[in-house]
Amino acid sequence: AGHTPWSGIWITGPDSVLAGLRKGDSVTVTGSVTEDNNVTKLINVQSPMVVHSTANAQPMIMDMQTAMFGANAANGDAIAEPWEGIVVRFNNVTVVDVYPTFADQTEYLLDDGSGPVLVRRDGMSRYSNVPGDTMNGKTLIHVGDTFSWVQGVVYFSFNRYKFVPRGDGDFGTFTVGVTDEPAALPEQFSLAQNYPNPFNPSTDIRYRIVTPGFVSLKVFNILGQEVATLVNQHQPAGEFTVRFDARRLSSGVYFYRVQNGMQALVKKMMFVK
């Protein structure tokens, strides 16, 4: 990858082919260029790859604004698309949401003040928005935490440009956000009526957890068949809001159930296209 527009591409292949690569390697790679889920990739990489030299100086990393790759940038955006597959850097960023999408619970939002960008947790870094990852020694990030800078590869999936740090070296100084007072913990396990209801195509589901533990939030159709799993992880006590997008489903009545340990609550909602 380079540091100018249109100079990078994702390479995918078996570990037996890619595992030996290191940053700074100069290589010749043979494969097929394709659009895979709206991401330009080199696939079917042939083995062996030719490594010409190692420990080369890496391309300059360009400073960007988070808003360039925000929700307003559609696939093929004239500003965002040229940087797909290239490492860019955002400076002085703040964590503004640790659970912005139901499609991937490991994504979070960073904002440098220009507008938020979705960040994926694919890389091998110590930072995570998933509470259960603290059991693996990761540092849990919260809304209000800041980084002096973060760099990573521009990606695209589920109709959004995204940002993928590769490891700990892609994060600058981490500072825990300061809050005036801790939020009051809920007094009882509860599940609110979704809003809006009826809805099209998305709605928010809010629930409260009193006892930290494993939580599942699932959606079922009128026949009792599971159609979506929105939450399936360990969560601390607190209040949570999850966005459910039903655009791929048929209109009708659905039920959503939250379970925390032996406790479970169910409510009904109406999807009208």
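**Exercise 1. The hairpin of strand 17 and strand 18**

In the hairpin of strand 17 and strand 18, which residue takes a positive phi?

*Solution.* The structure is a predicted model.

Step 1. Locate the two strands: strand 17 covers residues 213-220 and strand 18 covers residues 226-235.

Step 2. Establish how they pair. Their pairing is antiparallel and extends over 8 bridges. Within it, Phe214 is found opposite His234 of strand 18.

Step 3. Inspect the turn. The hairpin has 5 residues between the strands, and Gly224 is the residue with a positive phi, near 85°.

Step 4. Add the side chains. Lys218 and Glu226 form a salt bridge, with an N to O distance of 3.6 Å. Glu226 has a relative accessibility of 43% and is therefore classed as partly exposed.

**Exercise 2. An open sheet**

Determine the order of the strands in the open sheet that contains strand 16, and identify its edges.

*Solution.*

Step 1. The sheet consists of 3 strands in the order 15-16-19, with antiparallel pairing.

Step 2. Strand 15 (190-191) and strand 19 each have a single partner strand, so they stand at the edges, and one side of each lacks a neighbour in the sheet.

Step 3. Strand 16 and strand 19 are joined by 8 bridges in the antiparallel sense. As one example, Ser202 has Asp245 in strand 19 as its bridge partner.

Step 4. A salt bridge also connects Arg208 with Glu239, whose closest N and O atoms are 2.7 Å apart. This pair links distant parts of the chain, 31 residues apart: Arg208 belongs to strand 16 (residues 202-209) and Glu239 to strand 19 (residues 238-245).

Step 5. Assign the exposure of both residues. Arg208 has a relative accessible area of 33% and is therefore partly exposed. Glu239, at 44%, is likewise partly exposed.

**Exercise 3. Salt bridges**

How many salt bridges does the count give, and which residues are linked in a network?

*Solution.*

Step 1. Recall the principle: side chains of opposite charge can pair when their charged atoms come close.

Step 2. Apply the cut-off, a side-chain nitrogen of Lys or Arg within 4 Å of a carboxyl oxygen of Asp or Glu. The count comes to 9 salt bridges.

Step 3. Examine one of them. Arg126 and Asp168 meet through their side chains at 3.7 Å, N to O. The two residues lie 42 residues apart, Arg126 in the loop between strand 9 (116-119) and strand 10 (127-128), and Asp168 in the loop between strand 13 (160-164) and strand 14 (174-175).

Step 4. Consider their accessibility. Arg126 is partly exposed at 39%, and Asp168 is partly exposed at 32%.

Step 5. Identify the network: salt bridges link Glu107, Arg120 and Lys162.

**Exercise 4. Aromatic contacts**

Classify the ring pairs Phe69–Phe90 and Tyr127–Phe174 by the angle of their planes.

*Solution.*

Step 1. A pair of aromatic rings is described by the distance of the centres and the angle of the planes. The whole structure contains 12 aromatic pairs.

Step 2. For Phe69 and Phe90, the ring centres are 6.1 Å apart and the planes stand at 55°, so this pair is tilted. Phe69 lies in the loop between strand 6 (62-63) and strand 7 (87-97), while Phe90 is in strand 7, 21 residues apart. Both Phe69 and Phe90 are buried.

Step 3. For Tyr127 and Phe174, the centres are 5.2 Å apart and the planes stand at 45°, so this pair is also tilted. It links distant parts of the chain, with Tyr127 in strand 10 and Phe174 in strand 14, 47 residues apart.

Step 4. Compare the two residues with the cut-off for burial, under 20% relative accessible area. Tyr127 is at 6% and therefore buried, whereas Phe174 is at 22% and therefore partly exposed.

Step 5. Extend the view to the cluster, which comprises Tyr127, Phe147, Phe171 and Phe174.

Step 6. Add a contact between a charge and a ring: the charged end of Arg89 sits over the ring of Trp149, at 4.1 Å from its centre.

**Exercise 5. A nonpolar surface patch**

Which residues form a nonpolar patch with Ile11 on the surface?

*Solution.*

Step 1. The patch is made up of Ile9, Ile11 and Val33, which together have about 240 Å² of accessible area.

Step 2. Ile11 is located in strand 1 (residues 10-11). Its relative accessibility of 33% places Ile11 among the partly exposed residues.

Notes: Residues numbered from 1 in each chain as written. Predicted model: local features only at pLDDT ≥ 70, side-chain atom pairs only at ≥ 80, totals over all residues. Heavy atoms only, no water. Helix = DSSP H or I, 4+ residues; strand = E, 2+ residues; numbered from the N terminus. Buried < 20%, exposed > 50% of the residue type's maximum accessible area, 1.4 Å probe, protein only. Patch = residues over 30% accessible without salt bridge, like charges linked within 9 Å, V, L, I, M, F, W, Y side chains within 5 Å. Areas by Shrake-Rupley, 256 points an atom, 1.4 Å probe, with all protein chains shown as cover. Phe/Tyr/Trp six-rings, centres within 6.5 Å; stacked < 30°, edge-to-face > 60°. Lys NZ or Arg CZ within 6 Å of the ring centre and 35° of its normal. Pairing = 2+ DSSP bridges.
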